[in-house]
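Here are a few exercises to try with the structure open beside you. Have a go at each task before you read its worked solution.

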Amino acid sequence: MHYRRPLPARKRTLCQDTMRTVIQRVSRASVTIQGTVHATIGEGLLVLLGIEPSDTEEDVEWLVKKTAQLRIFNDTQGIMNRSLVDTGGSALVVSQFTLFASYKKGNRPSYIRAAGHDIAVPLYESFCHRLSLALGRPVETGVFGADMQVELLNDGPVTICMDSHNKE
């Protein structure tokens with residue numbers, strides 16, 4: 001797999017230079033690498049995590065808090081009013097550099113906005129560790145940089161996209 005050097009830090013603008021997640025409420029999810037199941041969860045969240053060169057621990061902290069407390073699980077009345085913390089559900093976090101695909105020119109996406117290993121790996125590991133602490137239980141993970149097959153059964157479907165600098 002080919003990796004590029006990280007870009008120099010740039011001034012942040014809205015919808016640019018943000019740590020990004022795609023959060024899916026799942027009945028089950030798993031990651032398979034080279035034909036072997038690496039991680040699997042039951043009910044909970046599949047979190048795809050994209051990191052840019054200028055992302056920081058502050059971005060990690062904000063997204064972990066939002067992810068753990070996001071009230072997208074049904075209560076007894078069928079209203080989405082419970083969080084992953086409330087339900088005791090599981091989490092599976094997968095690194096996803098393609099969340100920063102640029103398709104402005106031509107039809108072949110560019111991933112120049114995604115952080116290189118030296119920046120992304122420590123922030124990915126920090127996100128997983130902090131989410132585990134916030135939930136009070138281990139978080140399942142993919143393998144950073146590996147060719148993974150991610151299988152999921154989306155429950156709802158409920159899919160939330162979140163950026164650390166577009167705090168809607």
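**Exercise 1. Find the two sides of helix α1.** Work out which exposed residues sit on the face of α1 turned away from its buried side.

*Solution.* Keep in mind that you're looking at a predicted model.
- Step 1: Look at the face of α1 turned away from the buried side, and you'll find the exposed residues Glu58 and Lys65.
- Step 2: Now pick out the buried residues of α1, which are Asp59, Val60, Leu63, Val64, Thr67 and Ala68.
- Step 3: Look down the axis of α1: these buried residues fall within an arc of 145°, so they line one face of the helix.
- Step 4: Ask what that buried set packs against, and you get β1 (20-33), β3 (44-50), α2 (84-87), α3 (117-135) and β8 (148-163).

**Exercise 2. Check the length of α1.** Does the span of α1 agree or disagree with 1.5 Å a residue?

*Solution.*
- Step 1: Helix α1 covers residues 57-69, which makes 13 residues.
- Step 2: The expected span is 1.5 Å times one less than the number of residues, so α1 should span 18 Å.
- Step 3: The C-alpha atoms at its ends are 18 Å apart, so the two agree.
- Step 4: While you're at the start of α1, spot Thr56, where a side-chain oxygen comes to within 3.2 Å of the backbone nitrogen of Glu58.

**Exercise 3. Place Thr21.** Decide whether Thr21 is buried or exposed.

*Solution.*
- Step 1: Find Thr21 in strand β1.
- Step 2: Its relative accessible area is 0%, and buried means under 20%, so Thr21 counts as buried.
- Step 3: Skip neighbours within four places in sequence, and Thr21 still touches Val47, Leu48, Leu49, Leu63, Ile160, Cys161 and Met162.

**Exercise 4. Follow the pairing of β6.** In which sense does β6 pair with β3, and over how many bridges?

*Solution.*
- Step 1: β6 and β3 pair in the parallel sense, over six bridges; one bridge joins Gly44 to Ser90 of β6.
- Step 2: β6 also pairs with strand β7 (residues 140-141), again in the parallel sense, over two bridges; here Leu92 has Glu140 of β7 as its bridge partner.
- Step 3: Check how covered β6 (residues 90-95) is: five of its six residues are buried.

**Exercise 5. Judge the confidence.** Over which residues does pLDDT stay under 50?

*Solution.*
- Step 1: For the protein, the mean pLDDT is 90, with 89% of residues reaching 70 or more.
- Step 2: Residues 1-15 are where pLDDT stays under 50.
- Step 3: Where pLDDT is low, don't read the predicted coordinates in detail.

Notes:
Residues numbered from 1 in each chain as written. Predicted model: local features only at pLDDT ≥ 70, side-chain atom pairs only at ≥ 80, totals over all residues. Heavy atoms only, no water. Helix = DSSP H or I, 4+ residues; strand = E, 2+ residues; numbered from the N terminus. Buried < 20%, exposed > 50% of the residue type's maximum accessible area, 1.4 Å probe, protein only. Arc of directions from axis to C-beta. Contact = heavy atoms within 4.5 Å. Polar contact = N/O pair within 3.5 Å; in protein donor to acceptor, adjacent residues only side chain to side chain. pLDDT = per-residue confidence, 0-100. Pairing = 2+ DSSP bridges.
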